[in-house]
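Please open the model in your viewer and keep the selection tool at hand. The tour goes from one selection to the next, with the criteria behind each term given where the term comes up.

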Amino acid sequence: MVLWESRRRELFSQSENRKEHEVRLEFQRIEELTSAEQRLRAALGKTPNMGKLRPTWATMSRLILRIEHNRDWQNAEAVRHYQATELGRRKGQSFLTEVLPLRKARDDEWPHCWWPFDRWKDWTDYCDAVRPYRFDRLRRLLDKHRPEFLFWYGRWFGRKYRTEYFPELESDVMRKIANGKAEVGVVGPTTVVLTPFFGFRSMPMRVIDEIASDLGL
């Protein structure tokens, strides 16, 4: 299962961004979530805490538990345990990735605090430069590993660039599910699901259950 994030919205200081990017340059091609979190937090002088329920990770964990018919998928402690011990592990059921890894707080803001600082003049420049390469790399990974599901959350970005990554998924072949809150298409053996942002408000338990039920799970 692939859980795909289209963008990040956190806002750090210039020095924190530089420290994080220096750590990211040392990452292996694929990092376990716990390892990446420990290294990034250490660089910022912070204590890693995989037990803290974060909206995106907790929603991912809850969705996987629901798909796997775990009776405790609505239980916060079960979600916390999965997030801390199973999510994004090499031998686990999930692979987390991002289209655009650099953070920005809002769609209309591109603070000049990225490293290298003069590489992109604004968000559009960064997006246009990075997106095609990332799409190509992610598509090759998808074609190689052929997961059962790919969840792409953040519907605006998904709808805007869907056919750039999936030429097969024109709008007329997508099926709406969960009372119109998500869309589904099929690429080879992979069911592609476009969902709202993975947050506690935008993806409450009711919507998670509707998506899983409409997928026949």
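Select V187 and then T190, its bridge partner in β6; the element names follow DSSP runs numbered from the N terminus, with helices being H or I runs of at least four residues and strands E runs of at least two. This is a predicted model in which local features need pLDDT of at least 70 and side-chain atom pairs count only at pLDDT 80 or more, while totals for chains, interfaces and linings use all residues. Residues are numbered from 1 along each chain as its sequence is written, and side-chain values use heavy atoms, with hydrogens and water left out.

Widen the selection to β5 and to strand β6 (residues 190-195), which run antiparallel and are joined by 5 bridges; two strands are said to pair if DSSP finds at least two bridges between them. In the hairpin that they form, 2 residues lie between the strands, and G188 has a positive phi near 60 degrees.

On the other side of the sequence, strand β4 (residues 175-177) pairs with β5 over 3 bridges, again in the antiparallel sense, and A182 in β5 is the bridge partner of I177. The hairpin of β4 and β5 has 4 residues between the strands, and A178 in its turn shows a positive phi of about 55 degrees. In the loop between β4 and β5, select N179 as well, where phi is near 55 degrees, a positive value in a residue other than glycine. Most residues other than glycine have a negative phi. N179 counts as exposed because its relative accessibility is 65%, the classes being buried under 20% relative accessible area, exposed over 50% and partly exposed in between, with a 1.4 Å probe and protein chains only.

Now colour strand β5 (residues 182-187) by accessibility: 5 of its 6 residues are buried, so the strand is largely enclosed by the rest of the structure. Within β5, pick G185, which counts as buried because its relative accessibility is 3%. Leaving aside residues up to four places away in sequence, G185 touches L169, M174, T190, T191 and V192, where contact means heavy atoms within 4.5 Å. The C-alpha atoms of G185 and V173 are 6.6 Å apart, although 12 residues separate the two along the chain.

Turn next to α3 and helix α4 (residues 76-85), whose axes are 9 Å apart and make an angle of about 105 degrees. Axes here are lines fitted to C-alpha atoms, for helices over the stretch in contact, and angles between N-to-C directions run from 0 to 180 degrees. The two helices are therefore roughly perpendicular to each other, a class that covers 65 to 115 degrees, with angles under 35 counting as roughly parallel, over 145 as roughly antiparallel and the rest as oblique. To display the contact, select W57, A58, S61, R62, I64 and L65 of α3 together with A78, V79, Y82 and Q83 of α4.

In the loop between α3 and α4, select H69, which has a phi near 60 degrees, positive in a residue other than glycine, and which counts as exposed because its relative accessibility is 55%.

The last stop is G51, in the loop between α2 (33-43) and α3 (55-67), a residue that is partly exposed at 21% relative accessibility. G51 touches R80, Q83 and A84, not counting residues up to four places away in sequence.
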